[in-house]
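Biologist: I have the model open and would like to go through the sheets, the salt bridges and any internal space. Can you take my questions as they come?

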Amino acid sequence: MNYKIVTDSGANLTDLPGVAFENVPITIMADKKEYRDDRFLDVTQMITDLSQLTTKSSTACPNIDQWMRAYAGADIVIVFTLTGALSGSYSAAVQARELYLEDHPEAKIFVLDSTSAGPRMELLIHKAVTLINEGVSFDGIKQALTLYLTKTKLIFSLESLTNLVNNGRVSRATAKVANLLKLRIVGTDTEGKLTPLGKTRGQAKALSLILNEMEASGFTEGKVCIAHCLNEAGAKLLAEKIKAQHPKAQITLTKTRGICSYYAEQGGLMVGFECL
């Protein structure tokens, strides 16, 4: 069987060695500009542009045709999307699957709503690669990924809420108070929606709160993926704190790309982890 993994750009991945892979880009729109979240996007320039924005911004998920083209060329396709609570990507991917199967009834396509973004999606995707390499059946992969989703979580730390305000996800009053008090917002994804867990002053306290929340969620020594938005120093400090308490933790660091940078903003951290 010929396998392919397909994901929208919420996963921060532009390539995936060892398996056929395709990234279907989400688009960020602001001030009459469009930023296509593909391998050619200048993420730093986009972040700079958005930091100066005074009008509303929005995002556009991949359309059905884009998803259908991405499914082509494989017998079995495993698909991951950004949380359906923030994007129509999952819905479009499912509709594309139904249309594609009408013309390719022999194909098998599994679409998983990650109910999350960024590093948590990466954990799911790498789990899929492992299952494929182990020769697990299509039904076995579906069952294993659905279960693994329940054993992973995301926690994030945000320095700025500007884009969430401009996108209508957070009230201006909440953002104003946070900015005035120079607070960092630490939160998680609850059923795909952003849920605040606490507010801190300074990065050190935010990192401690992240680790405390990870442990409260059941993290012990599993895999951790830390994605940062122009905050490599913060990502490394968090990795060190995790290792100090959990020496066997398997930690990888990565950078946010377009859509995750849009939501996390400069200084933001996103942490996907196992809580097996």
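Biologist: In which sense do β6 and β7 pair, and over how many bridges?
Modeller: Strand β6, residues 76-81, pairs with β7 in the parallel sense, over 6 bridges. Strands here are DSSP runs of E with at least two residues and helices are runs of H or I with at least four, numbered from the N terminus. Two strands pair if DSSP finds at least two bridges between them.

Biologist: Before we go on, what are the ground rules for the model and the numbering?
Modeller: This is a predicted model, in which local features need pLDDT of at least 70 and side-chain atom pairs count only at pLDDT 80 or more, while totals for chains, interfaces and linings use all residues. Residues are numbered from 1 along each chain as its sequence is written, and side-chain values use heavy atoms, with hydrogens and water left out.

Biologist: Back to β7. Which residue there stands opposite Val77?
Modeller: Ile109.

Biologist: What is the strand order of that sheet?
Modeller: The order is β2-β1-β6-β7, an open sheet of 4 strands with parallel pairing. The edges are β2 (20-24) and β7 (108-113); each has a single partner strand, so one side of each has no neighbour in the sheet. On average, neighbouring strands are turned by 15 degrees against each other, direction ignored. Axes are lines fitted to C-alpha atoms, for helices over the stretch in contact, and angles between N-to-C directions run from 0 to 180 degrees.

Biologist: Which strands does α4 touch?
Modeller: Helix α4 (residues 119-133) packs on the sheet and touches β1 (3-8), β6 and β7, contact being heavy atoms within 4.5 Å. The direction of α4 makes about 175 degrees with that of β1. Helix α5 (residues 138-150) also packs on the sheet, touching β1, β6 and β7, and its direction makes about 5 degrees with that of β7.

Biologist: And the sheet with β3, what is its order?
Modeller: That one is an open sheet of 3 strands, β4-β3-β5, with antiparallel pairing. β4 (33-36) and β5 (57-60) are at the edges with a single partner strand each, so one side of each lacks a neighbour in the sheet.

Biologist: Which residues are matched between β3 and β4?
Modeller: Ile28 has Tyr35 as its bridge partner, and Thr27 has Arg36. Strand β3 covers residues 27-30 and pairs with β4 over 4 bridges. In the hairpin they form, with 2 residues between the strands, Asp31 takes a positive phi near 50 degrees.

Biologist: Changing topic, how many salt bridges are there?
Modeller: The count is 8, taking a side-chain nitrogen of Lys or Arg within 4 Å of a carboxyl oxygen of Asp or Glu. One of them joins Asp49 and Lys33, with the closest N and O atoms 3.8 Å apart. Asp49 lies in helix α1 (residues 43-51) and Lys33 in strand β4, 16 residues apart.

Biologist: Last one: what divides the lining of the largest cavity by residue type?
Modeller: The lining has 13 nonpolar, 3 polar and 1 charged. Nonpolar means Ala, Val, Leu, Ile, Met, Phe, Trp, Tyr, Cys and Pro; Asp, Glu, Lys and Arg are charged, and the others, Gly among them, polar. A cavity is a set of points on a 1 Å grid over the protein atoms alone where a 1.4 Å probe fits but cannot get out, and lining residues have an atom within 4 Å of a point.
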